[in-house]
Amino acid sequence: MLLTFEQAKQNILQTSSTATLPEHETVSLTEALDRITAAPIISPINVPRFDNSAMDGYAVRLADIEQSRTLPVSNAVFAGDDISNLNWPIGSCLRIMTGAPVPDGADAVVMQEHTQATEQSVTFLKEIKAGDNIRRIGEDVKKDAITVAKGQRLSIPALSTLATLGIHQVSVFRKLKVAIFSTGNELTSIDKPLSNSSAIYDSNGFTLKLLLTKLNCQIVDLGIIPDNPNLIKQALITASKQADLIITSGGVSVGDADYTKTALEALGKINFWKIAMKPGKPFAFGKIGNALFCGLPGNPVSTMVTFYQLVQPLISILSGLEPLTMDLTFQVRTATDLKKSVGRMDFQRGILQVNANGELEVMSTGQQGSHITQTFNKANCFILLEQERDKVTKGEFVTVSLFSALLK
Ligand code: AMP
Ligand code: MG
């Protein structure tokens with residue numbers, strides 16, 4: 001019996017959530033993009049640090065405004081000014097600029113556009129409420145508050161917030177070490193001439209490196225290993241000593257030269273092999289020594305789909321990310337018929353677009369064979385077709401999931 005896709009995914013998520021997380025290291029903020037926080041980050045200061053003006057205009061006391069809507073201007077305050085000795089007599093207002101400190105006693109800042117100024121005085125034209133246009137101390141970030149929780153991927157906005165706090169280094173999990181190799185006698189590295197008339201380029205090895213680089217992993221590249229059980233075992237032993245995770249492509253199916261799964265069984269533990277998904281049926285998951293193992297099928301589309309759907313969440317958990325973000329899926333009508341037979345969950349490649357009526361719809365990119373890379377390359381989403389679903393007719397609703405930045 002094949003595992004359903006959901007059963008396989010749950011097995012991977014549960015197994016990875018019990019793994020030991022990588023050690024912590026301190027990196028500078030400029031090197032922290034996309035790294036995962038190993039501890040909560042506490043704010044050392046309030047942001048804003050002091051009450052300040054949100055507008056260019058005039059600071060007023062409401063009691064003065066009740067006396068007269070026209071007030072003399074007694075002083076001016078600019079961003080960066082020290083106002084500890086500011087002179088602001090009762091019955092006057094202050095000229096104030098955006099970002100300048102608002103002195104104690106000021107009830108509001110009135111924007112310049114709501115005033116009429118002469119050389120001596122300013123007239124306030126609109127209603128003024130207490131607190132207008134004053135940015136309060138700590139209203140963005142409070143001192144001693146958790147600004148970024150543990151286990152978060154540091155995005156540009158998150159790092160920008162840390163910069164406002166003057167934090168210039170952060171504690172993150174060290175990068176996950178991932179060992180990769182491609183199996184197959186037919187494979188030639190993409191920078192070498194093809195060795196004979198049935199040789200092909202090792203595109204999977206190259207693709208895996210790109211995917212892992214985007215996920216911020218440290219790659220241990222073991223290259224191409226021929227279809228030889230001993231050499232595959234040797235490579236797996238080497239990999240398991242150096243890496244947190246081993247990813248291979250090819251050799252996990254039922255052919256006479258498919259040795260990866262048997263090598264895994266001999267050296268470690270196999271959790272499962274084969275999933276009711278298309279593409280990607282032959283997929284082996286297990287453990288060798290302290291390293292988890294994912295054996296991806298060799299067809300390039302299967303390699304990418306299984307990496308995206310199963311290995312990506314595994315890497316997130318092993319890297320210390322929490323909680324895992326859910327894939328955003330939604331229902332749209334299909335603008336084309338979709339070939340499908342009952343028995344496996346399909347991850348077809350589609351184009352999500354807006355039709356002439358302004359409605360979202362999805363269309364197939366064409367031939368869905370696991371060796372057809374061109375139809376992946378044109379797609380912007382997966383069309384997720386349930387295991388028990390049969391062929392789909394134009395106009396029916398289907399579930400789609402837009403590609404994340406990993407595939408762009
Ligand atoms: P396998 O899973 O080893 O049975 O391979 C399935 C198909 O994928 C075969 O046509 C292989 O030649 C092809 N293939 C296997 N590994 C790679 C690779 N690294 N790059 C490109 N194609 C591959
Ligand atoms: Mg092979």
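Me: Before we start, how are residues sorted into nonpolar, polar and charged here?
Reply: Happy to set that out, and please keep in mind that this is a predicted model. Ala, Val, Leu, Ile, Met, Phe, Trp, Tyr, Cys and Pro are nonpolar, while Asp, Glu, Lys and Arg are charged. The others, Gly among them, count as polar.

Me: Which classes make up the lining of the largest pocket, and with how many residues each?
Reply: That pocket holds about 1100 Å³ of space. Its lining has 36 residues, and the closest to its centre are Gln 312, Thr 325, Met 326, Asp 327 and Ser 404. Sorted by class, the lining comes to 18 nonpolar, 11 polar and 7 charged residues.

Me: Which helices and strands each supply at least two residues of that lining?
Reply: Two helices and three strands need naming for the largest pocket. The helices are α1 (5-17) and α7 (300-318). The strands are β22 (329-334), β23 (345-354) and β26 (397-402).

Me: Why does the second largest pocket lie between two domains, and which are they?
Reply: About 540 Å³ of space lies in this pocket, and Lys 278, Pro 279, Gln 368, Gly 369 and Ser 370 are nearest its centre. β23 makes the top contribution to the lining, with 4 residues. Two domains both give residues to the lining, so the pocket lies between them: domain 1 (3-22 + 175-318) and domain 4 (329-407).

Me: What is the volume of the largest cavity, and which residues are closest to its centre?
Reply: The structure has 1 cavity of 30 Å³ or more, and the volume of the largest is about 110 Å³. Among its 13 lining residues, those closest to the centre are Asp 34, Ile 36, Leu 215, Asn 216 and Ser 319.

Me: Which domains each give at least three residues to the lining of the largest cavity?
Reply: The protein is divided into four parts, domain 3 (52-135) and domain 4 (329-407) among them. The lining of the largest cavity has 5 nonpolar, 3 polar and 5 charged residues. At least three come from each of domain 1 (3-22 + 175-318) and domain 2 (33-47 + 139-173).

Me: How much of the accessible area of ligand 1 does the protein cover?
Reply: The closest of the 15 residues around ligand 1 are Glu 186, Asp 202, Asn 204, Gly 251 and Gly 298. A polar backbone atom of Gly 251 is 2.9 Å from an oxygen atom of ligand 1, and a backbone N or O atom of Asn 299 lies 3.2 Å from an oxygen atom of ligand 1. Of the 490 Å² that ligand 1 has on its own, the protein covers 76%.

Terms used:
Residues are numbered from 1 along each chain as its sequence is written. Chains are lettered from A and ligands numbered from 1 in the order in which they are written. This is a predicted model: local features need pLDDT of at least 70, side-chain atom pairs count only at pLDDT 80 or more; totals for chains, interfaces and linings use all residues. Side-chain values use heavy atoms; hydrogens and water are left out. On a 1 Å grid over the protein atoms alone, a cavity is a set of points where a 1.4 Å probe fits but cannot get out, and a pocket is an open set with protein on both sides within 12 Å along at least five of seven lines; lining residues have an atom within 4 Å of a point. Grid points are joined across faces, edges and corners, and a volume is the space filled by probe spheres set on the points. Domain bounds come from an automatic or database domain assignment. A residue is near a molecule or strand if one of its heavy atoms lies within 4 Å of it. A polar contact is a pair of N or O atoms within 3.5 Å; within protein, one must be able to donate a hydrogen and the other to accept it, and residues adjacent in sequence count only if both atoms are side-chain atoms. Accessible areas come from the Shrake-Rupley method with a 1.4 Å probe; for residues, only the protein chains shown count as cover.
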